[in-house]
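Subject: Handover of a structure and notes on its contents

Dear colleague,

I am passing the structure below to you, together with my notes on it. Please keep it open beside this message while you read.

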Amino acid sequence: MRKQVILSKQETSASEHVAKKSPVTKGQITDNRPSSVFQKKQIETMSLKPDTKESGFGQSSASPVQMVRAAPGMVTGITHLVKINGKSIYRGTETIQLEHGQVVIVDTDQRLRSRRGPNQEHFRAEDHQRGTHIYRWFRVIRIGERDVAPGTFIREDAFTFHLPHEEPERLHPNTAPSLDTQPGADPIEHHRTPEARSLDRLARGHWIPMLNTIRQSEQPPHIAMTVLGNRVHAMGNTGERPIPADWDAARRFGELMGSDTHLGRGDEQRRKRAKLRNKLVAHARGQYHPTGVTDPHTMNAIGHAIARPDHIHWGNSADPRKMHGEMHLQETILGGLHRRDIRLPRTRIQQQHISGVMLDCMFCHWAHAIFNQVIGRHHGVEITTGGTHSGIPNEWQAPQWLYQNDRAWAMFKAKLAAERIDATADDHGMVRLRKKASTKGMGLPQHGSDSEDEHFR
Ligand SMILES: [Zn+2]
């Protein structure tokens with residue numbers, strides 16, 4: 001199965017420094033598990049293509065014959081291929097846009113180094129100024145089954161040689177909030193990856209015992225969660241109906257997992273909560289394998305948080321600011337971003353998902369969108385969420401970075417004006433509606449949308 005495919009060499013190397021490292025070891029297919037049907041199919045496809053000649057006698061017989069290592073990789077996130085210009089990738093042109101999950105066949109022997117890094121639309125000048133060829137690019141032979149034009153390259157960090165077990169067309173990344181979203185519309189539910197759904201489920205698993213134990217008028221309306229490193233970070237809203245300071249989250253979550261105490265009333269509610277519990281238990285035991293997982297690291301971190309709820313990092317529920325949980329987590333994420341050294345390669349944009357028991361309100365949604373534009377892109381981070389219920393809160397506290405960043409705060413206030421929202425926004429980031437909004441869209445979500453193809457094994 002693991003034969004190397006020999007092609008005739010189609011191009012000479014470019015002036016941009018040819019990578020001197022030995023062929024990347026991660027390019028070798030090492031996963032021969034029976035479940036890797038998809039990988040095998042790709043490899044078979046490779047050896048059947050008419051332009052692959054094991055004898056080495058290709059069409060362009062004038063060129064010197066050389067070993068070519070063709071390896072399948074999966075695109076992560078969204079990226080553009082670049083057509084080389086003469087000998088320069090930096091001066092090359094963006095061509096085809098590839099989506100998360102698409103498979104490219106790359107030539108691991110044709111790697112070039114270039115100044116050109118991720119997100120040229122914003123960083124072209126920076127890459128020019130730095131001048132060093134610190135990004136590695138691979139020549140693309142095919143996209144799936146389709147040949148691409150000679151001289152087409154993909155950046156090393158835009159794909160992975162670790163292929164998932166599913167057909168790539170089933171894989172979609174999470175969705176980032178948009179500043180174009182308008183208030184008062186129907187809720188907009190984003191597509192959620194299995195990783196995002198698992199994190200939502202964990203948040204809900206911590207919230208159910210609160211509903212069951214705390215008086216209704218005092219129940220925390222929200223718990224938001226995100227995974228940083230190996231750790232799940234969790235936070236409720238503060239200032240109004242916060243999670244009680246003496247709430248023993250680990251013990252209460254343990255009660256939901258290990259007893260029927262919190263299953264609630266009525267057949268339907270009991271059935272739903274038992275189903276959620278079954279999935280959480282299976283996840284912690286390593287027996288939960290939904291289709292479409294591309295980030296096993298995050299799945300492991302969530303599994304660990306289910307097994308060891310005392311390892312979850314909860315923010316300070318006594319924070320006096322009247323701020324939504326996801327805004328607290330946005331501050332936490334920001335706190336982990338350090339000043340970038342422009343001499344080093346930029347990380348391309350990685351998604352950072354914030355889950356929760358509620359969809360975002362309209363203001364949090366916009367705040368995430370502004371974060372992504374003003375801060376995230378410079379640090380290679382894009383916050384994604386489960387969507388917005390598009391309702392507007394009567395009072396909303398902006399996180400500190402937002403109202404202290406002139407450009408960001410101006411964007412937020414411009415959006416308020418554009419949507420004709422009659423509100424005051426003070427110097428401390430408190431946004432108050434002059435007239436109370438209707439409560440439309442502020443209700444609690446059902447989140448019953450786990451896909452049916454989730455399964456245990
Ligand atoms: Zn909010």
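The notes that follow go from the whole chain to the sheets and then to the helices.

Overall picture

Please bear in mind that this is a predicted model. The protein has 457 residues, and 38% of them count as buried. Its secondary structure amounts to ten helices and 18 strands. If one takes the contacts with a separation of 6 or more, 76% of them are accounted for by residues 24 or more positions apart.

The five-stranded sheet

An open sheet is built from five strands, and their order is E12-E11-E10-E13-E14. The pairing in this sheet is mixed. Strand E12 (313-314) and strand E14 (381-385) are the edge strands, each pairing on one side only.

Strand E10 (residues 223-228) has a partner in strand E11 (residues 231-236). The two run antiparallel and are joined by six bridges. Within this pair, Met225 stands opposite Ala234 of E11. E10 and E11 form a hairpin, and two residues lie between the strands. One residue of the turn, Gly229, has a positive phi of about 65°.

E10 is also joined to strand E13 (residues 350-356), here by three bridges, and these two strands again run antiparallel. Ala224 has Gly356 as its bridge partner in E13.

The mixed character of the sheet can be followed by moving on to the next pair. E13 and E14 pair in the parallel sense, over five bridges. Here Gln351 has Glu382 of E14 as its bridge partner.

How far is E10 enclosed by the rest of the structure? Five of its six residues are buried, so E10 is largely enclosed. The edge strand E14 can be read in this way too: four of its five residues are buried, so E14 is largely enclosed by the rest of the structure.

The three-stranded sheet

There is also an open sheet of three strands, in the order E16-E18-E17, with antiparallel pairing. Its edge strands are strand E16 (395-397) and strand E17 (423-425), and each of them pairs on one side only. From one strand to the next, the twist averages 15°. E17 pairs with strand E18 (residues 430-433) in the antiparallel sense, over three bridges. In this pairing, Ala425 stands opposite Val431 of E18.

Helix H3 and its two partners

Before the helices are discussed, one general point may help. A pair of packed helices is described by the angle between the axes and by the distance between them.

Helix H3 (residues 194-213) packs with helix H6 (residues 296-307) at an angle of about 15°, and their axes are 10 Å apart. Angles under 35 degrees count as roughly parallel, and H3 and H6 are therefore roughly parallel to each other. The crossing in which H3 passes H6 is left-handed. On the H3 side, the contact is made by Glu195, Ser198, Leu199 and Leu202. On the H6 side, it is made by Thr298, Met299, Ile302, Ala305 and Ile306. By class, this contact of H3 with H6 has six nonpolar residues, two polar and one charged.

H3 also meets helix H5 (residues 267-284). The axes of H3 and H5 come within 10 Å and cross at roughly 120°. That angle makes H3 oblique to H5. H3 passes H5 in a left-handed crossing. H3 contributes Ser198, Arg201, Leu202, Arg204, Gly205 and Ile208 to the contact, and H5 contributes Arg273, Leu276, Lys279, Leu280 and His283. The residues of the contact of H3 with H5 divide into four nonpolar, three polar and four charged.

A closer look at Ala284

Ala284 lies in H5. Is this residue buried, exposed or partly exposed? A residue is buried if 20 or more other C-beta atoms lie within 10 Å of its own, and exposed if 12 or fewer do. Ala284 has 18 other C-beta atoms within 10 Å, so it is partly exposed.

Leaving aside neighbours within four places in sequence, Ala284 is in contact with Gly303, Ile306 and Ala307. Ala284 and Met299 are 15 residues apart in sequence, and their C-alpha atoms are 9.6 Å apart in space. Met299 is one of the H6 residues in the contact with H3.

With kind regards

Definitions and conventions
Residues are numbered from 1 along each chain as its sequence is written. This is a predicted model: local features need pLDDT of at least 70, side-chain atom pairs count only at pLDDT 80 or more; totals for chains, interfaces and linings use all residues. Axes are lines fitted to C-alpha atoms, for helices over the stretch in contact, and angles run from 0 to 180 degrees between N-to-C directions. Angles under 35 degrees count as roughly parallel, over 145 as roughly antiparallel, 65 to 115 as roughly perpendicular and the rest as oblique. A crossing is left-handed if the near helix is turned anticlockwise from the far one by less than a right angle, and right-handed if clockwise. Two residues are in contact if their C-beta atoms, placed from the backbone, lie within 7 Å. Ala, Val, Leu, Ile, Met, Phe, Trp, Tyr, Cys and Pro count as nonpolar, Asp, Glu, Lys and Arg as charged, and the others, Gly among them, as polar. Two strands pair if DSSP finds at least two bridges between them.
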